[in-house]
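Student: I would like to learn how to read a structure feature by feature, beginning with a single residue and working outwards. Could we go through one together?

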Amino acid sequence: MIWKLSDALETYRRMISPFHNAGYLLLVYGSILNGQDVARDLDLMAVPWRPSPTPPKLVFDDTCSRFHLSPAVGPPYVGLMKSWSHTASDIDGRIIDFQFRKSDVSLEQSYEFSMRRENEAPEWLL
């Protein structure tokens, strides 16, 4: 089964709010954006926008339940770049790949950082 760009964007649009409420920005990336208007899968990346977002497994399970998705059999993939990934398919058999970026920042660390008058840019940003 394939994704048409219009269907992918509609699915993405419907998922934005639940992900935002769980503490993530939801991004579309991958082959659906290749200019062909069709793709084999829909790649979505969830990036924390606040400290201590809802754990990825809970968001994934809630998303599958809310949008009637069937999770892939097997455990999620945990990557070296602090990522948590799992795949599901919709009622039409189209694949959605979810990737969550993890955050090690606590609410206390975030508050302490935001209260500083000056924050030096980390070396890797320069």
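Student: Where is Gln99 found, and does Gln99 count as buried or exposed?

Tutor: Keep in mind throughout that this is a predicted model. Gln99 is found in strand β8, which covers residues 95–101, and with a relative accessibility of 15% Gln99 counts as buried, because the cut-off for that class is under 20%.

Student: Which residues is Gln99 in contact with, leaving aside its neighbours within four places in sequence?

Tutor: Those contacts are with Tyr29, Leu44, Met45, Ala46, Ser83, Trp84 and Ser85. In addition, the side chain of Gln99 makes a polar contact, at 3.2 Å, with the side chain of Arg101.

Student: How many helices and strands are there in the protein chain, and how do its elements run from the N terminus on?

Tutor: The protein chain has three helices and eight strands, and read from the N terminus its elements follow the order β-α-β-β-β-α-β-β-β-β-α. Of its 126 residues, 34% are buried, while the accessible surface comes to about 8500 Å², with 57% of that area belonging to carbon and sulfur atoms. If one takes the contacts between residues at least 6 apart in sequence, 56% of them join residues at least 24 apart.

Student: Let us turn to a helix. Which are the buried residues of helix α2, and what covers them?

Tutor: In helix α2, which spans residues 56–66, the buried residues are Pro56, Val59, Phe60, Thr63 and Cys64. Viewed down the axis of α2, these buried residues fall within an arc of 135°, so they line one face of the helix. Their cover includes helix α1 (5–21) together with the strands β2 (24–29), β5 (70–71), β7 (83–89) and β8, the last of these being the strand in which Gln99 is found. On the face of α2 turned away from the buried side one finds the exposed residues Leu58 and Ser65.

Student: How should I read the salt bridges, and how many does a search of the whole structure find?

Tutor: The general idea is that side chains of opposite charge can pair when their charged atoms come close. Here the search of the whole structure finds six salt bridges. One of them joins the side chains of Arg13 and Glu10, at 2.6 Å from N to O; as these two residues are three apart in helix α1, about one helical turn separates them, and Glu10 is partly exposed, at a relative accessible area of 36%.

Student: What does Lys57 form a salt bridge with?

Tutor: Lys57 forms a salt bridge with Asp61, and their closest N and O atoms are 2.7 Å apart. Lys57 and Asp61 are four residues apart in helix α2 and are likewise separated by about one helical turn. Lys57 is partly exposed, with a relative accessible area of 48%, and Asp61 is also partly exposed, with a value of 34%.

Student: And is the salt bridge of Asp90 with Arg94 made by residues that are buried or exposed?

Tutor: Asp90 counts as buried at 11% relative accessibility, and Arg94 counts as buried at 12%. The closest N and O atoms of this pair are 2.7 Å apart, and both residues belong to a network of salt bridges that links Asp7, Asp90, Asp92 and Arg94.

Student: Which residues form a nonpolar patch on the surface?

Tutor: The patch is formed by Leu25, Leu27 and Trp49, which together have about 280 Å² of accessible area. Trp49 is placed in the loop between β4 (41–48) and α2, and Trp49 is partly exposed, with a relative accessible area of 40%.

Student: Finally, how should I read backbone angles, and which residue just after α2 takes a positive phi?

Tutor: Most residues other than glycine have a negative phi, and most peptide bonds are trans. Just after α2, His68 takes a positive phi of about 55°. Asp37, which is not a glycine either, has a positive phi of about 70°; Asp37 is placed in the loop between β2 and β3 (38–39) and is partly exposed at 42% relative accessibility. Ser52 also has a positive phi, near 50°; Ser52 lies in the loop between β4 and α2 and is partly exposed, with a relative accessible area of 47%.

Note on methods:
Residues are numbered from 1 along each chain as its sequence is written. This is a predicted model: local features need pLDDT of at least 70, side-chain atom pairs count only at pLDDT 80 or more; totals for chains, interfaces and linings use all residues. Side-chain values use heavy atoms; hydrogens and water are left out. Buried means under 20% relative accessible area, exposed over 50%, partly exposed in between (1.4 Å probe, protein chains only). A polar contact is a pair of N or O atoms within 3.5 Å; within protein, one must be able to donate a hydrogen and the other to accept it, and residues adjacent in sequence count only if both atoms are side-chain atoms. Contact means heavy atoms within 4.5 Å. Accessible areas come from the Shrake-Rupley method with a 1.4 Å probe; for residues, only the protein chains shown count as cover. The arc is that of the directions from the helix axis to the C-beta atoms. Patches are made of residues with over 30% relative accessible area and no salt bridge: like charges are joined within 9 Å, nonpolar side chains (Val, Leu, Ile, Met, Phe, Trp, Tyr) within 5 Å. A salt bridge is a side-chain nitrogen of Lys or Arg within 4 Å of a carboxyl oxygen of Asp or Glu.
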